[in-house]
Amino acid sequence: MRQAWISLAVLCSGSALGLLDSTMMNVALPAVSADLGAGIDELFWALNSYLLTATVPLVTSGRLGDLFGPKPLFLAGIVTFTLASLACGLATTPGWLIAARAVQGLGCALFLPQGTTLVTQLFPPARRGAAWGVWGAVSGAAVAAGPAIGGFLVEPMGWRGIFLVNVPAGLLLTVLAVRLLPRRPVDRLRRFDLLGTVLLGLALFQIVFALIEAAPWWLAGGALTLGAFLLVQRARQHTDPLVPFAVFSSRTFRLITLGQTALPFGVSSTVLLTLLHLQAGAGLSPLRAGLLSGVAPTVSILFAPLSGRLTDRFGGGYVLLSGLGLMTVGCAVLGHAVWSGNGLLSGLVVFGIGMGVVFAPPGVLAMRDIEPGMAGAASGVFTLSGRIGGVVGTAVVGAVLKHLLPADALAGRSISAEVSHAVAFAYTLPAVALAVAAVLALAAESPSRRPARMPA
C-alpha cells in the first residue's frame, strides 16, 4: 500500500501541473498583449487552444492506456507538455504561442486520464475514498489556485515565467514517473479503433469549438459527427470499440458521470466571476485578486482527507450530496456578497469546504462497477465529462456577461458597480448547475439494486 500512495503523489503532481496551466495564464493576458502585440482574439485563443486540445483527445488517450498501459502514456504526456511549455516561454509571436499552447494541451490530454485509471487499479475498494479525496482536492485546488500562482510568477518573472517554471517541474516529474510508477499488464490482443478515434476527435473538436466561439453551425456539425461515431461504435461493440457501451450499463456510472460535468462548471465559472469582480469591480491588482480567490482551494485542502475517510466508511453518495449542497450555498453567498459588498470571504470559505468534501466521492462511485479491462475507456469518458463541464461553464458565463454588460464595461472603473451587479446575477449559473448535480447524486444513491459487475 505504501507504493500505491507514492504512485498517487506522482499522479497528483502531474494532474496539478496540467490543470494549473488551464487557469494560470488568465492573470498574464495584459503582459502577453503588451509584449507580443496580441489582440483580444489572439489572447483568447492562447487560452482556448490549450482548452481545446486538452479536451478533445481524452477518451482516445484513456483507451490507449488500456492498450499500451497507463505508464507509457503518462510519460509521453509529461514529456510533450514539458517541451511545449519551453516553446511557450520562448514564443516571439502570438501565433507561435497559440500553437505551442495547443501542443501543451495535447500533452495534458495524454497523461490526465492515466491517473484515474491507475488510482482505480492501485487501490482496493476500501481505500479508494481516501485516494480519490487526495486526487480530487489536488485537482480542484490546482484549477482554482492557478490565478494566484500566476500572479506570483508574473510580477517578478514576467509572463514567460508561468511557462518556463514547468520545464524543471516536468523534468523532475518524468524522472519520478520512470522510477516510481508501476507498469500494469495490458491485453496485447486488442486492436485500436482508428475510425472511431477520428470521428470522436472531429465531433469533440466541433462541439468544443462551437462552445468557445458560440457558433451554432459548428455545434450542429458536431452533433451529426457524434451521431456517425455512435453508429460506428454500435457496429464495433464485439471488435474492440473505442468506447465500450458496457461502461454505460452501470446506472451509477451514468448518473455520476453526468453530474461530474457540474463540478468544473461550478469551480471554473466561480473562479472566473470572482476574479472579474475583484479586478473590474473592486479594482484589486492581479496578485491581490488571485490571492483572495485562492481562499477556496486552500480551505478545500483542509477538508479533503475527511471527505475520503467518510467516503470509505459510509459510501460516496451522501458525502457527495453534502459537498454539492455546500458549494451551492457558497455560490449563493458569493452572489449576495458581490451585490451587497459584504460577506465575500464567508462565501469563499463555504464554497471551499464544499470543494474539499465533494472531490473524493465521484471517482469512487463512477468506477466501482467498472472492470479493470475497461478502466481506461471509463476514465477517459469520466475525465472528458469534467473537461466539457469546464468549457460549458466558461462559455455560458461569458455569454451571459456579454449580454448584461456593454462592450466597454471592462475598460475602466467608472462603471464597476455595473460589472459587480452582472457578476452577482451570473453566480446563479454555477449554483443551479451544482444543485442539479446534487439531484443526480441523490438518484445515484437511491436504494435501487446496484448493477452487477460487467464483463470485460
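**Exercise 1. Which helix gives the most to the lining of the largest cavity?**

Before solving, some ground rules. This is a predicted model, where local features need pLDDT of at least 70 and side-chain atom pairs count only at pLDDT 80 or more, while totals for chains, interfaces and linings use all residues. Numbering starts from 1 along each chain as its sequence is written, and side-chain values use heavy atoms, with hydrogens and water left out.

*Step 1: set the terms.* On a 1 Å grid over the protein atoms alone, a cavity is a set of points where a 1.4 Å probe fits but cannot get out. A pocket is an open set with protein on both sides within 12 Å along at least five of seven lines, and lining residues have an atom within 4 Å of a point. Points are joined across faces, edges and corners, and a volume is the space filled by probe spheres set on them. Helices (H or I, at least four residues) and strands (E, at least two) are DSSP runs, numbered from the N terminus.

*Step 2: find the space.* The whole structure holds 3 cavities of 30 Å³ or more, and the largest cavity has a volume of about 70 Å³.

*Step 3: read the lining.* Among the residues lining the largest cavity are Leu 255, Ile 256, Gly 259 and Gln 260. Helix 12, helix 16 (317–340) and helix 21 (428–444) each give two or more residues to this lining.

*Step 4: pick the winner.* Helix 12 gives the most, with 4 residues.

**Exercise 2. Sort the linings of the second largest cavity and the second largest pocket by residue class.**

*Step 1: fix the classes.* Ala, Val, Leu, Ile, Met, Phe, Trp, Tyr, Cys and Pro count as nonpolar, Asp, Glu, Lys and Arg as charged, and the others, Gly among them, as polar.

*Step 2: take the cavity.* The second largest cavity has about 60 Å³ of space. Thr 270, Val 271, Ser 293, Ala 296 and Leu 348 are the closest to its centre, out of 11 lining residues. Helix 13 gives the most to this lining, with 4 residues. The split is 8 nonpolar, 3 polar and no charged.

*Step 3: take the pocket.* The second largest pocket has about 430 Å³ of space. Its 17 lining residues include Leu 204, Leu 226, Phe 248, Val 381 and Leu 384, which lie nearest the centre. Helix 19 gives the most to the pocket lining, with 4 residues. Here the tally is 14 nonpolar, 3 polar and no charged.

**Exercise 3. Describe the fold of the whole chain.**

*Step 1: count elements.* The chain has 21 helices and 0 strands.

*Step 2: test compactness.* The radius of gyration (over C-alpha atoms) is set against a globule rule of 2.2 Å times the number of residues to the power 0.38. The chain comes out at 21 Å, close to the 23 Å the rule gives for 456 residues, so it is as compact as a globular protein of that length.

*Step 3: check burial and contacts.* Buried means under 20% relative accessible area, exposed over 50%, partly exposed in between (1.4 Å probe, protein chains only). Buried residues make up 57% of the 456. With contact meaning heavy atoms within 4.5 Å, 82% of contacts between residues at least 6 apart in sequence join residues at least 24 apart.

**Exercise 4. Is Ala 100 buried or exposed?**

*Step 1: place it.* Ala 100 is in helix 6 (residues 94–122).

*Step 2: decide.* At 6% relative accessibility, Ala 100 counts as buried.

*Step 3: list neighbours.* Leaving out residues up to four places away in sequence, Ala 100 touches Ala 84, Ala 87 and Cys 88.
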